[in-house]
Amino acid sequence: MLTKMRGILGALTVFAASEAALVSTPPRVETSWSDALDKASEFVSNLTLTEKIGIVSGGYLYPGLACVGSIGPIPRLGFGGICFSDGPAGVARSDGVSVFPSGITAAATWDRELIYRRAVAIGEEFRAKGVHVALGPSTGPMGRHARGGRNWEGFGPDPYLAGISMNASVSGIQSIGVQACSKHLVANEQELHRTSTTADDGTQIEAISSNVDDRTLHELYLWPFADAVKAGTSTIMCAYNRVNGNYSCANSDILTTFLKEELAFPGYVISDWFATHGTENFANAGLDIEMPGNVSALAGAAYFGDQLLEAVNNGIVSEERLDDMAKRVMSPYFRLGQDSSFPTVDPSTGPVFLTYQFGHGSPLSAYYPEVESRDVRGEHAVLIRGIGAAGTVLLKNINGTLPLANSSNIGVFGNDASYPTVGSVYLEIGENSEGFEWGTYDIGGGSGTVRRTNLVTPLEAVQEKVKSFGGRVQILLDNDKVAEGLFKTIYPVPETCLLFLKAYATEGVDRSSLDLEWSATQAVESTAAICPNTIVIIHGPGVVLMPWADNENVTAILVAHYPGEETGNAITDVLWGVAEPSGRLPYTIPKTLADYGPDIVESAESNAPDGWQSIFDEGQLIDYRHFDANDIEPLYEFGFGLSYTSFDMSDALEVDVTANLSALADESRGIEPGGFIDLWTRVARVTVEVSNTGSRTGKAVPQLYVAFPQDTTPEGTPVKVLRGFHKLSLDAGEPSVVQFELRRRDVSFWDSSARQWVIPGGIFTFMVGFSSRDLKNIFETSILA
């Protein structure tokens, strides 16, 4: 499997870490793209041809920085290089850092402000570690397949929710002066055969091709990237897979036509690590920088560097194109003020990398002696704890089981409750779809995982809570014993049984099933058989099956996703009502895998080198759109989540549409990052009143869905699509007026023939409610005059 870990092997043999102290200078205010380009142009004009190659070829300029990816320094120009590091949930392969809640956890909060604050905190840690480019946020994969190994890194399968989350995340990270790298472009929806391999006979077997029609690309998979570009993302990472037969990183339709022309993206396209398979065809298609580059022969092949230099000298790649590549790479560096007072790379980065890869006592240790790490966590644990609770979804709560009273006898069962026996990080990337047996899952696996400096487990947090009011905790962590009903050590039967279950997901391999792991189903049945007040808590990557959900002794179900290092405190806050489980599902939970829609492609169509094909013939109809189109009843629908209080909506729904709208955007208003300015103009406002009808303060998540007219839009138009949401805290009995603003893009479809966004004629239906299936009010009107 190709991962960034392979690149570290080469990086450690050539890179040298700086030992300078952390500079605490506040980040500079962003300059305009045009001013940044002027600075980048001046900088590039002073480079030699070889130095230009070094700007667009990872690891080419020596010595580099001890990072997973690096542009080396040019001392004569005062340029200290650029450091790249994973990932979307915190600084990977490091010490003294926080494990933040995963992307899917953040999406489950349905809270723009929390998503932004999470990103700010992530950016603060990257900056303090001396990392210029954070390789995140992620919206690819989106979650076409429920079993996708990396779904947990992103914000879910709805493009609107994912787009809002991408925008908030890019804005938050870059507010600190750190470059955001939005990834993975595009339709990177499964791990199996995501990149090329070599057969035993030496034949090159090409990566899987995601074959997607133009409308589906624009309205579903590319949609969140437009939000990222609108927010000013510095760079976009192209994916391993092919798209419509061409590698993503060599696909001019995606990189040039869509990204740089339609969206007017002024930043740079970076390859995923080892996702470059050629030189001139990749550079001329729109790839601006190859990673990790030629860090060493052992690490893997590189196609820019000397090969790009030769292509430029031979006129196959023009020097004008090379200048464009270098200017694009350097523009965000100047735009975010990284040329002034940016912290140096933490000196512990090299030794942590080395230990992570080879353990202690490696022959390379002489290059990287162990030093104290720079602790950059600050007070982020408080925020992580709050997001963990806010991203927890309450699916079942019979007779107000939760929040708990101070029961004197609590049972903690299941192998997800304790500290992982594998230690601070799980290193088996892409080799084990089940993960480790003993210990809680606070984060998923692969390059997006984060090494724990601290972890508060569910077990220790529950023990501390129960001790505070004089109760007792009985413990059985062996899932096999729980599943077999071997509760011989438990007496008397606890008043409340907390059963912690888990599902693992990681880069490099897709999930083998949607089931919770380690005999979980039988563990639920056995626990419920002796304990009539069984509460199931799930830590997982998103969609899981729950065949036991209707068991009458399972009185409550909480899905906590991957909540980060404060997992124990977050879930304890929820259980005892210190915090409300205010999350809502950012995906649909089916009754069976077959209900969910297209599954992972498990084999090639033929033995030909390009035999791996994935046909996206469902178009836009994934997740709740698939359930709607096929009239399938889910177990729990998209947008669903219970509260410790209750909410209602007024009968009155107002929809105000801007008068005299044209079907097409007014291109004369100009174009800026994100596309035509008029596409982002507000064209409608929907107003409704929401009230807390319960007895305690709680957080409502009213949601707006829009049904496009079916007779004036192409075949395959979804039954309805999410086009607005708000999260608001309401005291008991308090009403509040909620307004949803819709942009032109929100009520347009992509006309593939005309290659433009079009507002269709006919009647639109606006629906508001508390989930995709719990719709309280409907209003019909046309948008066009």
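Three disulfides are counted in this structure, which is a predicted model, and following them one after another is a convenient way to travel along the chain. When the bonded cysteines are counted along the chain, the disulfides follow the pattern 1-2, 3-4, 5-6.

We can begin with the pair C67 and C83, whose sulfur atoms lie 2.0 Å apart and form a disulfide. This link connects distant parts of the chain, since C67 sits in the loop between helix 3 (49-55) and strand 1 (69-71), while C83 belongs to strand 2 (residues 82-86), and the two cysteines are 16 residues apart. The torsion about their S-S bond is about -110°, and the disulfide is therefore left-handed. Both C67 and C83 are buried.

The next pair to look for is C238 and C249, which a disulfide joins with a distance of 2.0 Å from S to S. Here C238 lies in strand 8 (residues 235-238) and C249 lies in the loop between strand 10 (246-247) and helix 9 (252-262), so the bond ties together parts that are eleven residues apart in sequence. The link of C238 and C249 is right-handed, with 105° about the S-S bond. C238 counts as buried because its relative accessibility is 0%, and C249, with a relative accessible area of 0%, is buried as well.

Further along, a disulfide joins C497 to C531, with 2.3 Å from S to S. This pair again links distant parts of the chain, for C497 is in strand 15 (residues 496-502), whereas C531 is in the loop between helix 17 (520-530) and strand 16 (534-539), 34 residues apart. With 105° about its S-S bond, the link of C497 and C531 is right-handed. A relative accessibility of 0% is the reason C497 counts as buried, and C531, also at 0%, counts as buried too.

Why does C181 not bond to the cysteine whose sulfur is closest? The closest cysteine sulfur, in C238, is 9.2 Å away from the sulfur of C181, which is too far for a bond, because a disulfide requires the two sulfur atoms to be within 2.5 Å. C181 nevertheless counts as buried, since its relative accessibility is 0%.

From the cysteines we can turn to the nonpolar cores. The largest nonpolar core contains 164 residues, and the members that touch the most other members are I55, F84, W273, L308, L395 and M546. A second core of 40 residues, separate from the largest, includes V701, V721, V768 and F770.

Terms used:
Residues numbered from 1 in each chain as written. Predicted model: local features only at pLDDT ≥ 70, side-chain atom pairs only at ≥ 80, totals over all residues. Heavy atoms only, no water. Core = buried A, V, L, I, M, F, W, Y, C linked by side-chain atoms within 4.5 Å. Buried < 20%, exposed > 50% of the residue type's maximum accessible area, 1.4 Å probe, protein only. Helix = DSSP H or I, 4+ residues; strand = E, 2+ residues; numbered from the N terminus.
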